[in-house]
Amino acid sequence: DVETTLSLHKFAHLWIHRDYDHDAWHILDVDVPVEVGSDFVVMPGRIGNTLESFTRSDERAPAPPRLAELQTLIPKLVAAASEPADQWIAGLVASRIEKPDFNTVFVWADQQFYIQDLAPSRMELDAWQELPASQWKE
């Protein structure tokens, strides 16, 4: 569902940028679609190392110092989430960071991680739709 995917990415992007306690946007961002059609969503592509490239056993890329910062930040963001939509997004974002993920990229020039695509499953999209509305959730 295009509208649900768009809503999910917009909310996640805003959720990161609403975090003033941890300045999360200096370490992590969630991309929003660059193009949306009636039956498709185009996410940006970034040049960098995937999160998976820092954790694989063969030919592992050297991890940037910011990886440790990211891994420390995520539990703080999850703990700070108080509204149902924030809690749900925090869990989704955390799940994308905690496992090797091809959609999370470290851009060396920016010294920042970007989740290019949350790649939600059908079950995740359905769960997102069922959450109560908030001032940030469209």
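# Exercises on a predicted model

In this predicted model, V30 has I115 as its bridge partner in strand 6. The exercises below start from that pair.

**Exercise 1. Determine the order of the strands in the open sheet, and state which strands lie at its edges.**

Solution.
Step 1. Begin with strand 1 (28-30). Strand 1 and strand 6 run parallel and are joined by three bridges.
Step 2. Continue from strand 6 (residues 112-115) to strand 5, to which four bridges join it in the antiparallel sense.
Step 3. Add strand 4 (residues 49-50), which pairs with strand 5 over two bridges, again antiparallel.
Step 4. Read off the result: the four strands form an open sheet in the order 1-6-5-4, and the pairing is mixed. Strand 1 and strand 4 are the edge strands, since each of them pairs on one side only.

**Exercise 2. Identify the residues that stand opposite F106 in strand 4 and in strand 6, and describe the connection between strand 5 and strand 6.**

Solution.
Step 1. Towards strand 4 (residues 49-50), the residue opposite F106 is N49.
Step 2. Towards strand 6, F106 has F113 as its bridge partner.
Step 3. Strand 5 and strand 6 form a hairpin, with four residues between the two strands. In this turn, Q111 has a positive phi of about 55°.

**Exercise 3. Assign the residues of strand 5 and strand 6 to their two sides, and decide whether they are buried or exposed.**

Solution.
Step 1. Recall the principle: in a regular strand, side chains alternate between the two faces of the sheet.
Step 2. Apply it to strand 5 (residues 104-107): T104 and F106 point one way, while V105 and V107 point the other way.
Step 3. In strand 6, Q112 and Y114 lie on one side, and F113 and I115 on the other.
Step 4. All of these residues of strand 5 are buried. Those of strand 6 are all buried as well, and both faces of that strand are covered.

**Exercise 4. Compare the span of helix 1 with the expected value, and state what covers its buried residues.**

Solution.
Step 1. Helix 1 (residues 2-17) contains 16 residues.
Step 2. From first C-alpha to last, helix 1 reaches 23 Å, which is close to the 22 Å expected at 1.5 Å a residue.
Step 3. Among the buried residues of helix 1 are L8, F11, A12, W15 and I16.
Step 4. The cover over the buried residues includes strand 1, strand 2, strand 3, helix 2 (66-80), helix 3 (84-98) and helix 4 (122-130).

**Exercise 5. Classify A12, L14, E52 and F40 by their relative accessibility, and describe the surroundings of each.**

Solution.
Step 1. Note the cut-offs: buried means under 20%, exposed means over 50%, and partly exposed lies in between.
Step 2. A12, in helix 1, is buried because its relative accessibility is 0%. Beyond residues up to four places away in sequence, A12 touches V30, I89 and L118. A12 and V32 are 20 residues apart in sequence, and their C-alpha atoms are 8.7 Å apart.
Step 3. L14 also lies in helix 1, but its value of 31% makes it partly exposed. The C-alpha atoms of L14 and V32 are separated by 9.8 Å, with their places 18 residues apart along the chain.
Step 4. E52 lies in the loop between strand 4 and helix 2. Its value is 13%, so E52 counts as buried. Apart from neighbours within four places in sequence, E52 is in contact with P100, D101 and F102.
Step 5. F40 occupies the loop between strand 2 (35-36) and strand 3 (41-42). At 34%, F40 is therefore partly exposed. Together with V34 and V42, F40 makes a nonpolar surface patch of about 240 Å².

Notes
Residues numbered from 1 in each chain as written. Predicted model: local features only at pLDDT ≥ 70, side-chain atom pairs only at ≥ 80, totals over all residues. Heavy atoms only, no water. Patch = residues over 30% accessible without salt bridge, like charges linked within 9 Å, V, L, I, M, F, W, Y side chains within 5 Å. Areas by Shrake-Rupley, 256 points an atom, 1.4 Å probe, with all protein chains shown as cover. Salt bridge = Lys/Arg side-chain N within 4 Å of Asp/Glu carboxyl O. Buried < 20%, exposed > 50% of the residue type's maximum accessible area, 1.4 Å probe, protein only. Pairing = 2+ DSSP bridges. Expected span 1.5 Å × (residues − 1). Contact = heavy atoms within 4.5 Å.
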